[in-house]
Amino acid sequence: MALDWLFQGQNLPRLAEGLWLTAQISFISVGISCITGTLFGLIMRSSNPFVRLLSILYLETIRIVPILVWLFMLYFGLAEWTGVHLSGLWVCVWVFVLWGTAEMGDLVRGALQSIEKHQVEAGLALGLSRFQVFYLIEAPQGLRRLLPSAINLFTRMVKTSSLAALIGVIEVVKVGQQIIENSLLTVPNASFWVYGLIFVLYFVICYPLSLLANRLEQQWES
């Protein structure tokens, strides 16, 4: 049976190695983006028009240019222009960090700005400093409003990590392609089983995150 073939030889260990690489790209990018995105969100709230303009320019540039183009620019362009060659893994990480920072920053900005102004004004009227207003009033409420959207963003980052295969990173999709190509003559329906397994692996990673986002959203809306 084709399913037995999938469990033979090095097929599963290779897919596991590819999945581990996918997890590394995803979780390193998400971890750094949490920090840089939060800082970027605070910068976007600056009262300085020049800082706000630069922030919007960065955000829109990241959004307008497809992730795949950023990957090609850093992987092929950077080496050509500067002579610096980064590995495919780190190109993916930095591109996803650029993307995650922009999107996370906009989510942080939106969550903080959604807090009613009268709460901030009441805090200031009671004699709290601006930092205390942020720490005691804005940050706790902003975090609750931010988390469901942030988890959805992280789920998108995990799924988008499959683009890494296009610059030669041997992540789980690329490994799957190699196994299919090697087995095409002996197992004609190899693609069905391999991509089916990859589907399950992505589902196992992303579905709990999606459930968590929905649960938090429902819990905090009630």
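**Helix contacts and annotated spans in a predicted model**

Beyond its neighbours within four places in sequence, Thr155 is in contact with Cys206, Leu209 and Ser210. The model described here is predicted. Thr155 belongs to helix 7, which covers residues 130-160. Its relative accessible area is 7%. Thr155 is therefore classed as buried, since the cut-off for that class is under 20%.

Leu211 sits in helix 9, spanning residues 190-221. The relative accessible area of Leu211 is 43%, so this residue is partly exposed. Leu211 also contributes to a nonpolar surface patch. The other members of the patch are Phe199, Val200, Phe203, Val204 and Tyr207. Together these residues make a patch of about 590 Å².

Gly18 is placed in helix 2, formed by residues 11-44. Its relative accessibility is 1%, so Gly18 counts as buried. With neighbours up to four places away in sequence set aside, Gly18 contacts Ile170, Glu171, Val172 and Val175. One of these pairs links distant parts of the sequence: Gly18 and Glu171 are separated by 153 residues. In space, their C-alpha atoms are 4.0 Å apart.

Ser183 is part of helix 8, which runs over residues 172-183. Ser183 has a relative accessibility of 7% and therefore counts as buried. The side chain of Ser183 reaches the backbone oxygen of Ile179 at a distance of 2.9 Å. Outside the range of four places in sequence, Ser183 touches Trp5 and Ala190.

An unreviewed UniProt entry carries the annotation "transmembrane region" for five stretches: residues 20-44, 56-78, 84-102, 163-180 and 192-213. Two of the annotated stretches were examined for secondary structure and end-to-end distance. Residues 56-78 are 91% helix and 0% strand. The end C-alpha atoms of this span lie 24 Å apart. Residues 163-180 are 50% helix, again with 0% strand. Here the end C-alpha atoms are 18 Å apart.

The contacts of Gly18 can be read against this annotation. Ile170, Glu171, Val172 and Val175 are the residues that Gly18 contacts, and the UniProt record includes residues 163-180 in its "transmembrane region" annotation. The record likewise covers residues 192-213, and the contacts of Thr155 are Cys206, Leu209 and Ser210.

Notes: Residues numbered from 1 in each chain as written. Predicted model: local features only at pLDDT ≥ 70, side-chain atom pairs only at ≥ 80, totals over all residues. Heavy atoms only, no water. Helix = DSSP H or I, 4+ residues; strand = E, 2+ residues; numbered from the N terminus. Buried < 20%, exposed > 50% of the residue type's maximum accessible area, 1.4 Å probe, protein only. Polar contact = N/O pair within 3.5 Å; in protein donor to acceptor, adjacent residues only side chain to side chain. Contact = heavy atoms within 4.5 Å. Patch = residues over 30% accessible without salt bridge, like charges linked within 9 Å, V, L, I, M, F, W, Y side chains within 5 Å. Areas by Shrake-Rupley, 256 points an atom, 1.4 Å probe, with all protein chains shown as cover. Salt bridge = Lys/Arg side-chain N within 4 Å of Asp/Glu carboxyl O. UniProt positions renumbered as here; feature names shortened; annotations may be inferred.
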